Amino acid sequence: MANIVWHEKWGIELDLTRDDLGHESIPGLWDLLYQSDRIDALRGVPVAKRGLLCGGVCRQAGVAAWMYLRERGGRREAVHERSEDEERHRAPLSDEHKAYQERIVRTAERDGFPADLEVRTSVGPRSWIQTDTLVRGADGRLIGWEVQLSSAGVEGPRSVKAAKYGITPRHWPREAVQDSVLDS
């Protein structure tokens, strides 16, 4: 997903973080674009023919990454057609992030609980949850740890999905750690 979308046909940039998409002179722009995209989808128009491109990371990299629009939980989203285009938006894990993950595994295993890093857990035929660290606790309880180096909230769609499928979400904010993970 991306926050900046380039509308190829109209030659304008759309900022999904803004209610007016960055074009206050065009009232109802989101509704117009979204309905048009839904109609194209129903008619079987390929995503690449709908005229929406990633206007951020992909465009800066010189890649034409086609997108479609959707609404989920009241949130507007522009979604990449191909997963490899979406991957371009993910930053590699920092050494600090990896150190926190390893610390969780060491602590869990020291106390007798099996743990692993970057675990994908299947929750359906085409759906999965990935956690930074997955600990198998008492009575087989799964605890998925997410290391937060930014000020991300504890609640969110991934936490809700994890809880729905029996993984207790836990976030380990850097400010909660008293001693340096990098030193241990």
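Which residue in S5 is the bridge partner of Arg 72? In this predicted model, the partner of Arg 72 is Arg 75. The pair belongs to a hairpin in which strand S4, residues 67–72, and strand S5, residues 75–80, run antiparallel and are joined over six bridges. Two residues lie between the strands of this hairpin, and Gly 73 takes a positive phi near 60° there.

A second group of strands forms an open sheet. Its three members follow the order S2-S1-S3 and pair in the antiparallel sense. S2 and S3 stand at the edges with a single partner strand each, so one side of each has no neighbour in the sheet. From one strand to the next, the twist averages 35°. S1 and S2 are linked by four bridges, and Trp 6 is found opposite Glu 13 of S2. It helps to recall here that side chains in a regular strand alternate between the two faces of the sheet.

Helix H1 comes next in the picture. H1 covers residues 29–42, 14 residues in total, and spans 20 Å from its first C-alpha to its last, close to the 20 Å expected at 1.5 Å a residue. Its buried residues are Leu 29, Trp 30, Leu 33, Tyr 34, Asp 37 and Asp 40. Viewed down the axis of H1, these buried residues fall within an arc of 125°, so they line one face of the helix. A simple rule lies behind such patterns: an α-helix has 3.6 residues a turn, so residues three or four places apart point the same way. And what covers the buried residues of H1? The cover includes strands S1 (4–7), S2 (12–15) and S3 (52–54), along with S4 and S5. After the helix comes Gly 44, with a positive phi near 80°.

Helix and strands also meet in the largest nonpolar core, which has 16 residues. Val 5, Leu 14, Leu 16, Leu 21 and Leu 69 have the most contacts inside this core. S2, H1, S3 and S4 are the elements that give two or more residues to the core, and H1 gives the most, with four. Apart from this core lies another, of seven residues, including Ala 108, Ala 115, Val 135 and Val 147.

Val 5 offers a close-up of the packing. Leaving aside residues up to four places away in sequence, Val 5 touches Ile 12, Glu 13, Leu 14, Leu 16, Leu 52, Leu 53, Gly 55, Met 67 and Ala 78.

Definitions and conventions:
Residues numbered from 1 in each chain as written. Predicted model: local features only at pLDDT ≥ 70, side-chain atom pairs only at ≥ 80, totals over all residues. Heavy atoms only, no water. Pairing = 2+ DSSP bridges. Expected span 1.5 Å × (residues − 1). Buried < 20%, exposed > 50% of the residue type's maximum accessible area, 1.4 Å probe, protein only. Arc of directions from axis to C-beta. Contact = heavy atoms within 4.5 Å. Axes fitted to C-alpha atoms, helices over the stretch in contact; angles between N-to-C directions. Core = buried A, V, L, I, M, F, W, Y, C linked by side-chain atoms within 4.5 Å.
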